[in-house]
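Visitor: I am new to this structure. Please show it to me, and then I will ask about its parts.

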Amino acid sequence: MSFFKTLDVNDNNDKKADELEAAENVKCLIIGSGPAGYTAAIYAARANLNPVVIQGMEAGGQLTTTTEVENFPGYPEGVTGPVMMEDLKAQAERFGTDVRWGEVTSVDFSQRPFKVIVDNKKPFIAETVIIATGATAKYLGLESEEKFKGAGVSACATCDGFFYKGQKVAVVGGGDTAAEEATYLAGLAEKVYLIIRKPYMRASKAMIKRVENTPNIEILYEHNTKEITGTNVVTGATLIKRKDKPDEEEVKIEIDGFFVAIGHKPNSDLFKDYIETDAVGYIKTVPGTSKTNVPGVFAAGDIQDSIYRQAVTAAGSGCMATLDVERFLAEQE
Ligand code: NDP
């Protein structure tokens with residue numbers, strides 16, 4: 001009988017113990033395959049922790065949806081997101097990381113070793129877990145937005161703003177992210193439209209002031225995006241001003257880039273029964289470390305970072321998580 005079958009598996013999300021495959025014991029299980037997950041894996045593999053990475057639904061993470069990455073150190077000519085993620089994966093595998101397809105469907109962190117089930121059928125019994133499941137940028141949900149992703153539509157100004165030097169762009173959203181992205185883009189682009197659905201901005205007063213004082217930002221209050229237009233790349237957008245009001249009006253703008261900045265959703269739902277998060281769902285870590293409230297469970301990358309959200313900061317925190325795992329395991333011995 002496997003270790004797993006000796007445990008009482010009552011979780012509704014789990015298959016019954018009889019239907020589960022044989023459990024595998026792992027020293028360090030890494031959930032997520034973005035820069036945080038793979039960097040954690042590189043360090044863990046080199047430290048003989050024999051890590052297993054569960055790739056998740058979006059193998060390679062958010063970077064696989066970007067085109068050129070020019071701000072990751074070590075690539076002087078730039079690199080595409082998918083190639084960079086393949087490189088990180090290859091580097092992790094070179095030292096023996098076991099990378100698996102599949103998605104974690106349930107966890108039990110109530111006792112160590114922890115139980116993690118993949119695709120409702122494959123149990124892992126893990127001495128330590130690094131959660132690196134990232135965050136997902138929210139999009140408006142327009143068909144045209146989907147069509148132009150990577151061809152003018154982006155959810156990251158720091159990543160893609162450079163490509164719009166001297167051009168016209170739009171940013172959607174009225175929070176701090178949108179305000180920050182609009183001011184960042186204003187330093188590169190000729191003109192920035194900031195599209196806000198309400199008659200006011202939700203961003204902090206200081207950020208609103210910065211936006212208002214930037215001459216090449218035009219704020220379009222009470223505007224909703226109807227469609228992003230273009231043939232192969234974005235050339236414009238159709239907006240609705242004062243939607244559903246008697247004086248509703250269609251407005252067309254000419255733009256080369258369309259930045260969506262309406263928030264991110266951290267992928268932490270699966271862990272919420274055990275792991276403390278903030279109100280938005282970002283995992284809380286002990287400041288300056290990757291430690292969560294559960295000893296032996298660590299968090300790295302965007303899942304615990306609502307501020308920086310860069311590939312390089314995620315990679316750095318992946319390294320921190322593995323160093324924390326090593327120390328934790330040494331303390332247990
Ligand atoms: P927020 O949730 O604060 O703001 C999202 C914005 O997007 C809101 O203005 C919202 O409009 C708008 N929005 C949402 N859905 C749609 C839609 N379908 N169509 C049009 N507009 C939409 O997210 P942020 O990412 O801006 O910020 C998240 C958190 O991170 C906040 O707490 C923020 O303060 C913080 N942050 C701090 C920074 C800093 O301190 N430097 C930088 C960036 C973020 P509405 O207002 O109408 O709901």
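Visitor: Which residue in S19 stands opposite Ile130?

Guide: Helices (H or I, at least four residues) and strands (E, at least two) are DSSP runs numbered from the N terminus, and two strands pair if DSSP finds at least two bridges between them. S8 and strand S19 (residues 297-299) are joined by three bridges and run parallel. Opposite Ile130 in S19 stands Phe298.

Visitor: Before going on, how should I read the numbers and values?

Guide: This is a predicted model in which local features need pLDDT of at least 70 and side-chain atom pairs count only at pLDDT 80 or more, while totals for chains, interfaces and linings use all residues. Residues are numbered from 1 along each chain as its sequence is written, and side-chain values use heavy atoms, with hydrogens and water left out.

Visitor: Is strand S8 largely enclosed or open?

Guide: Buried means under 20% relative accessible area, exposed over 50%, and partly exposed in between (1.4 Å probe, protein chains only). In S8 (residues 122-131), nine of the ten residues are buried, so the rest of the structure leaves this strand largely enclosed.

Visitor: Which residue in S8 stands opposite Val26?

Guide: S1 and S8 run parallel and are joined by seven bridges. S8 also pairs with strand S7 (residues 114-118), antiparallel, over five bridges, and there Phe114 stands opposite Ala126. Opposite Val26, too, the residue in S8 is Ala126.

Visitor: Which residue takes a positive phi in the hairpin of S7 and S8?

Guide: The hairpin has three residues between its strands. A positive phi near 50° is taken there by Asp119.

Visitor: Which element supplies the largest share of the largest nonpolar core?

Guide: A nonpolar core is a set of buried Ala, Val, Leu, Ile, Met, Phe, Trp, Tyr and Cys residues joined through side-chain atoms within 4.5 Å. The largest one has 30 residues, and those touching the most other members are Cys28, Ile30, Tyr38, Met84, Ile130 and Val325. At least two residues each come from strand S1 (24-31), helix H2 (35-46), helix H3 (81-94) and helix H8 (311-332). The largest share, seven residues, comes from H8.

Visitor: At what angle do the axes of H2 and H8 cross?

Guide: Axes are lines fitted to C-alpha atoms, for helices over the stretch in contact (heavy atoms within 4.5 Å), and angles run from 0 to 180 degrees between N-to-C directions. Among the residues making the contact are Ala36 and Tyr43 of H2 and Gly318 and Cys319 of H8. The axes come within 7 Å, and they cross at roughly 40°.

Visitor: Why is Cys28 not bonded to the closest cysteine sulfur, in Cys319?

Guide: A disulfide is a pair of cysteine sulfur atoms within 2.5 Å. Cys28 counts as buried, at 0% relative accessibility, and Cys319 is buried as well, with a relative accessible area of 15%. The two sulfurs are too far apart for a bond, because the distance is 13 Å.

Visitor: How far apart are the sulfur atoms of Cys156 and Cys159?

Guide: By the rule above, the count comes to one disulfide. Cys156 counts as buried at 15% relative accessibility, whereas Cys159 is partly exposed at 22%. Cys156 and Cys159 form a disulfide, with their sulfur atoms apart by 2.0 Å.

Visitor: Which strands stand at the edges of the open sheet S14-S15-S16?

Guide: This sheet of three strands has antiparallel pairing, and S14 joins strand S15 (residues 234-241) over seven bridges. Each edge strand has a single partner, so one side of it is left without a neighbour in the sheet. The edge strands are S14 (223-230) and S16 (249-254).
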